[in-house]
Amino acid sequence: GRESQFAFERGIAEQDLQSTTQSYEIAEVRYLNGTMSIADRNKVLAQKANKEIALIQAQTALQLAWQDLQNHLKLDPSVQVNDLQEVETGQAETLFINLTNEQLDSFTTASTRLASSQNLSLKTSAKAVDLSQKAYSIAKGNFLPTVGLSLSRSFKENGFDRYEFEGSNTLALTASLPLLPVWKNYSGSRKAYHELQKSRYEDQAATDGILLSVKAAALNLVSAARQIEAASISSEVTENTYLQMKERYNNNLLSASEMLDIEIMRKAARTGLVNAQYAFLKARSALLQALGTDNEAVISSLLNQ
């Protein structure tokens, strides 16, 4: 995800540099024609240099992120960074944009209910409580008497014929009480009891924390979806404004400073849209992890409950 985001940011930097380069070419013509001052022309030139630096930084960040991913996943070095593709959210965010407060509450409730039955950390915590309960039961068993039942059979000579034997059976029922190691058994029992209580408290704390994180992940997902909608509108409006201002700049109706300002606004709007999209993807992954599943269709099904 991070590598694809850097790849897309590099694409924005490339397009931004291309746009500023075109603005500089126009500025150079206007300067030679005497319709632009050298100061304004130098502003565009300086902005072009800054965009070149930004592109180099974006390329470096992408290469480092890709190398880190290769090292982590032990990927074949022949796989190149150019093979990365932009990660799309599709239309998944549209499911959450128009949720009412009641639907949002229902979604978060359904999410926590599903996590209660599927979250792996909760299952692990519950098993730890079970083990502590069994250990405590065993420790309490040390105070109980030990009962044994045994059966033995013996043979002896009948006194007349050395090769003739008479057999007899002995059935014994024995019981014993742990009188001497009382203190040791008692301390072991209390230790097991406190371990059980500790496991219960830890299980409750883990349950509360995990269910709270599930609710937070659900709310973050809805929030990220709405951020995408807002960022999309902002990016579209800014792009239309940029095209209009660029046409005015080409016709010598806009100053270089104003053109540079609108280019900065355009880049900020596009970057904001990318960040919103990846925030949505991260929120969706966090919710799926909290739910204990990797099936993305589960989230859609929760909206219908």
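Start with the empty space: in this predicted model, the count comes to one cavity of 30 Å³ or more. The largest cavity has a volume of about 30 Å³. What lines the largest cavity? I12, Q15, D16, R266, K267 and R270 do. In terms of elements, α1 (2–32) and α7 are the ones that give two or more residues to that lining. If you want to picture how the space is found, rolling a probe the size of a water molecule over the atoms shows where empty space is left.

**The overall layout**

Zooming out, the protein chain has eight helices and two strands. Reading from the N terminus, the order is α-α-α-α-α-β-β-α-α-α. Of its 305 residues, 32% count as buried. As for long-range wiring, take the contacts between residues at least 6 apart in sequence: 75% of them join residues at least 24 apart.

**Helix α7 and the cores**

Helix α7 spans residues 256–291, so to speak a 36-residue rod in the listing. From its first C-alpha to its last, α7 reaches 53 Å, close to the 52 Å expected at 1.5 Å a residue. Right after α7 comes G292, with a positive phi near 75 degrees.The largest nonpolar core has 33 residues, and F96, F107, L221, F280, L287 and L291 are the ones that touch the most other members. At least two residues of this core come from each of α4 (101–118), α6, α7 and α8 (297–303). Which helix gives the most to this core? That would be α7, with 11 residues. Apart from this core lies another one, of 11 residues, with Y24, V44, L254 and M259 among them.

F107 is a handy place to look at the contacts in detail. Leaving out residues up to four places away in sequence, F107 touches F96, A218, L221, V222, L287, I299, L302 and L303. Among these partners, F96, L221 and L287 also belong to the group that touches the most other members of the largest core.

Next to F107 in the numbering sits T108, a residue of helix α4. T108 counts as buried because its relative accessible area is 6%, under the 20% cut-off. Again leaving out residues up to four places away in sequence, T108 touches K215, A218 and L219. A218 is thus a partner of T108 and of F107.

**T238 on α6**

T238 lies in helix α6, residues 182–250. Is T238 buried or exposed? T238 is buried, because its relative accessible area is 11% and buried means under 20%. The side chain of T238 reaches the backbone oxygen of S234 at 2.7 Å. Beyond its neighbours within four places in sequence, T238 is in contact with M265, R266 and A269. One of these, R266, also turns up in the lining of the largest cavity.

**R30, N252 and E25**

On the α1 side, R30 is a residue of that helix. R30 is buried, with a relative accessible area of 10%. Not counting residues up to four places away in sequence, R30 touches T35, M36, Y249, N252 and L254. L254 is also listed among the residues of the 11-residue core. Which backbone oxygen does the side chain of R30 reach? It is that of Y249, at 3.3 Å.

N252 is found in the loop between α6 and α7. R30 and N252 are 222 residues apart along the chain, yet their C-alpha atoms are separated by 7.9 Å. N252 also has a backbone angle worth a look: its phi is positive, near 65 degrees, and N252 is a residue other than glycine. For background, most residues other than glycine have a negative phi. N252 counts as partly exposed because its relative accessibility is 35%, between the 20% and 50% cut-offs.

E25 is another residue of helix α1. At 48% relative accessibility, E25 counts as partly exposed. E25 and V44 are 19 residues apart in sequence, with 9.3 Å from C-alpha to C-alpha. V44 is one of the residues of the 11-residue core.

Here are the accessibility values side by side:

| Residue | Relative accessible area | Class |
|---|---|---|
| T108 | 6% | buried |
| R30 | 10% | buried |
| T238 | 11% | buried |
| N252 | 35% | partly exposed |
| E25 | 48% | partly exposed |

How values were computed: Residues are numbered from 1 along each chain as its sequence is written. This is a predicted model: local features need pLDDT of at least 70, side-chain atom pairs count only at pLDDT 80 or more; totals for chains, interfaces and linings use all residues. Side-chain values use heavy atoms; hydrogens and water are left out. Helices (H or I, at least four residues) and strands (E, at least two) are DSSP runs, numbered from the N terminus. The expected span of a helix is 1.5 Å times one less than its number of residues. Buried means under 20% relative accessible area, exposed over 50%, partly exposed in between (1.4 Å probe, protein chains only). A polar contact is a pair of N or O atoms within 3.5 Å; within protein, one must be able to donate a hydrogen and the other to accept it, and residues adjacent in sequence count only if both atoms are side-chain atoms. Contact means heavy atoms within 4.5 Å. A nonpolar core is a set of buried Ala, Val, Leu, Ile, Met, Phe, Trp, Tyr and Cys residues joined through side-chain atoms within 4.5 Å. On a 1 Å grid over the protein atoms alone, a cavity is a set of points where a 1.4 Å probe fits but cannot get out, and a pocket is an open set with protein on both sides within 12 Å along at least five of seven lines; lining residues have an atom within 4 Å of a point. Grid points are joined across faces, edges and corners, and a volume is the space filled by probe spheres set on the points.
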